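This briefing is meant to be read with the structure open beside it. Please keep the residue numbering to hand while working through the points.

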Amino acid sequence: MVSMKITILDDYFDTLRTLPCIRMLEGHAVEIWNDHAQDDDVLAQRLAKTDVLVLIRERTKILGPLLERLPQLKLISQRSVYPHIDTEACTRLGIVVSSSQHPGTPCYAAAELTWALVLAAMRQLPQQVASLKAGHWQMGVGTTLRGKTLGLYGWGRIAHAVAEYGRAFGMRVWVWASERSRENARAEGVEVAPSREAFFERSDVLSLHMRLYPATRGIVTAEDLARMKPSALIVNTSRAPLVAPGALVAALRAGRPGMAAVDVFEHEPLLDRGDALLNLPNVLATPHIGYATREEYELQFEEIFDQVLEWLAGTPINVVNPAVLESPRLRRAA
C-alpha cells in the first residue's frame with residue numbers, strides 16, 4: 001500500500017485520535033489540526049504536501065484560489081453537504097471530492113440536541129440554573145409541552161426523529177415543507193398545516209429542518225416570524241441562513257416569537273461576545289454542536305475514512321464531481 005499524507009482540519013478537541021475508526025488510516029502519515037484557519041496563506045502552507053484532505057463538515061471553505069496552490073492534493077473526503085467546497089475547481093484541477101449523503105440515516109445526535117434545546121428553552125433551564133447559582137432560588141415559571149403544537153418546517157430524516165420525540169411528549173405534530181415533502185408527510189399519515197400562514201401562527205414550538213441551498217436561503221421571512229405567538233419558540237439546528245438576514249433578531253426584539261433556540265450562526269465559529277443574537281435574553285444558543293457526539297463522530301468518520309481507502313484502491317465512492325474521473329488532469333494515487 002502506498003503511504004499518503006492525510007491532513008484533517010478543525011478537530012477542535014483532538015477527538016479523532018481517540019476514536020476506533022482512526023485505525024483505518026494506519027500506514028499513512030496523518031496530520032490533525034486542532035485550531036481553525038481560513039486564511040489561504042496559512043492553509044496553503046499547512047496543506048502543501050497533502051495528498052488527501054479530510055474535512056469536518058463545513059468548518060473550512062476550500063475554494064478555487066486555495067486549490068490552485070495545492071498541486072499535491074488528490075482527494076477531499078468528507079460527509080454530507082458541500083457548499084464550502086468549490087467542486088468545479090476540483091474537477092478542473094483533477095481532484096476527486098467524495099462526500100457520503102448517508103441516505104436513510106438521520107443524524108440522531110442533531111435530533112437529540114434539537115429536543116434538548118426545546119426542553120431547556122421551554123422550562124427556562126439556563127435561567128433557573130443561573131438563578132440558583134446566584135443564590136436566588138427559582139426565577140420564574142416554565143411551560144409544559146404536552147398538549148402544545150410542534151411545527152416541523154421540513155420533512156426529512158431529522159424532522160422524522162424530532163416528530164417521534166414530540167409525540168412521546170404528548171404534542172400535536174404537524175408539518176410545512178415543499179409540496180413534494182408535504183405529499184410524503186400526508187402519505188405517512190402526518191398532519192400537514194392547512195397553510196404556511198397557519199403553520200407560523202399556531203405552532204407553539206417551530207423547528208427548522210431543511211438543507212441550505214439557493215431555494216431555501218432566507219425561506220423564513222420577517223413576515224413569517226411576525227405571525228408567531230408571543231409565547232412561541234423557534235428552534236434552528238439546521239442552518240442560520242434559512243432565516244432572512246436580521247429577521248430573527250428583529251422579531252425577538254419585537255416579541256414574536258417570544259423565544260429562540262439556535263445552534264447555527266451566519267458566521268462560524270462565532271467568537272464575538274457582542275453579537276446581537278447572543279445578547280438577547282430570550283435566546284438559548286449553543287456553538288453548532290448538533291452532530292458533535294463521540295458516537296456520531298465514529299459513524300461519520302468510518303464513512304469518511306472508507307471513502308479514502310476505496311479511492312486508494314482505485315474504486316472511489318460517493319464522488320460528487322464524477323466528471324473528474326474522466327479528466328486527463330485527474331491526480332491519481334501513486
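The notes below go through the sheets, the helices, an aromatic pair and some local backbone features in turn.

The structure is a predicted model. Two open sheets with parallel pairing are described, one of 5 strands and one of 7 strands. Helices lie across both, with α11 set against strands of the 5-stranded sheet and α6 set against strands of the 7-stranded sheet.

**The sheet of 5 strands**

- The order of the strands in this open sheet is β2-β1-β3-β4-β5, and the pairing is parallel. The edges are taken by β2 (29-32) and β5 (96-100), each of which has a single partner strand, so that one side of each is left without a neighbour in the sheet.
- Neighbouring strands of this sheet are turned against each other by 20° on average, with direction ignored.
- Strands β1 and β2 pair in the parallel sense over 4 bridges, and within this pairing I6 has V30 of β2 as its bridge partner.
- On the other side of the order, β1 and β3 also pair in the parallel sense, here over 3 bridges, with T7 standing opposite L53 in β3.
- The pairing of β4 with β5 is parallel and extends over 5 bridges, and R79 stands opposite S100 in β5.
- Which strands does helix α11 lie across? Helix α11 (residues 294-312) lies across β1 (5-8), β3 (52-54), β4 and β5, and it runs at about 155° to β4.

**The sheet of 7 strands**

- This open sheet has the order β8-β7-β6-β9-β10-β11-β12, again with parallel pairing. Its edge strands are β8 (191-192) and β12 (283-285), each of which pairs on one side only.
- Strand β11 (residues 259-262) runs parallel to β12 and is joined to it by 3 bridges, with V262 standing opposite A285 in β12.
- Helix α6 lies across β6 (149-153) and β7, and its direction is at about 180° to that of β6.

**Packing of α4 with α6**

- Two packed helices are described by the angle between their axes and by the distance between those axes.
- For helix α4 (residues 108-122) and helix α6 (residues 157-168), the axes come within 9 Å and cross at roughly 45°. The two helices are therefore oblique to each other, and α4 passes α6 in a right-handed crossing.
- On the α4 side the contact is made by Y108, A110, A111, E112, T114 and W115, and on the α6 side by I158, A161, V162, Y165 and G166.
- Sorted by class, the contact of α4 with α6 has 8 nonpolar, 2 polar and 1 charged residues.

**Aromatic pairs**

- With ring centres required to lie within 6.5 Å, the count comes to 9 aromatic pairs.
- One of these involves W174 and F199, whose ring centres are 6.3 Å apart and whose planes stand at 40°, so the pair is tilted.
- This pair links distant parts of the chain, as W174 belongs to strand β7 (residues 172-176) and F199 to helix α8 (residues 196-202), 25 residues apart.

**The loop between β4 and α3**

- S80 is found in the loop between β4 and α3, and its phi is near 85°, a positive value in a residue other than glycine.
- V81 also has its place in the loop between β4 (75-79) and α3 (87-93).
- Which residues does V81 touch, if those up to four places away in sequence are not counted? V81 touches E58, Q101, R211 and R239.
- Measuring from C-alpha to C-alpha, V81 and S195 are 29 Å apart in space, while 114 residues separate them in sequence.

**Cis peptide bonds**

- R256 and P257 are joined by a cis peptide bond with omega at about 0°, and P257 is found in the loop between α10 (247-254) and β11.
- The peptide bond from E268 to P269 is likewise cis, with omega near -5°, and P269 is found in the loop between β11 and β12.

Notes
Residues are numbered from 1 along each chain as its sequence is written. This is a predicted model: local features need pLDDT of at least 70, side-chain atom pairs count only at pLDDT 80 or more; totals for chains, interfaces and linings use all residues. Side-chain values use heavy atoms; hydrogens and water are left out. Axes are lines fitted to C-alpha atoms, for helices over the stretch in contact, and angles run from 0 to 180 degrees between N-to-C directions. Angles under 35 degrees count as roughly parallel, over 145 as roughly antiparallel, 65 to 115 as roughly perpendicular and the rest as oblique. A crossing is left-handed if the near helix is turned anticlockwise from the far one by less than a right angle, and right-handed if clockwise. Contact means heavy atoms within 4.5 Å. Ala, Val, Leu, Ile, Met, Phe, Trp, Tyr, Cys and Pro count as nonpolar, Asp, Glu, Lys and Arg as charged, and the others, Gly among them, as polar. Two strands pair if DSSP finds at least two bridges between them. Rings of Phe, Tyr and Trp (its six-membered ring) pair if their centres lie within 6.5 Å; planes under 30 degrees apart count as stacked, over 60 as edge-to-face and the rest as tilted.
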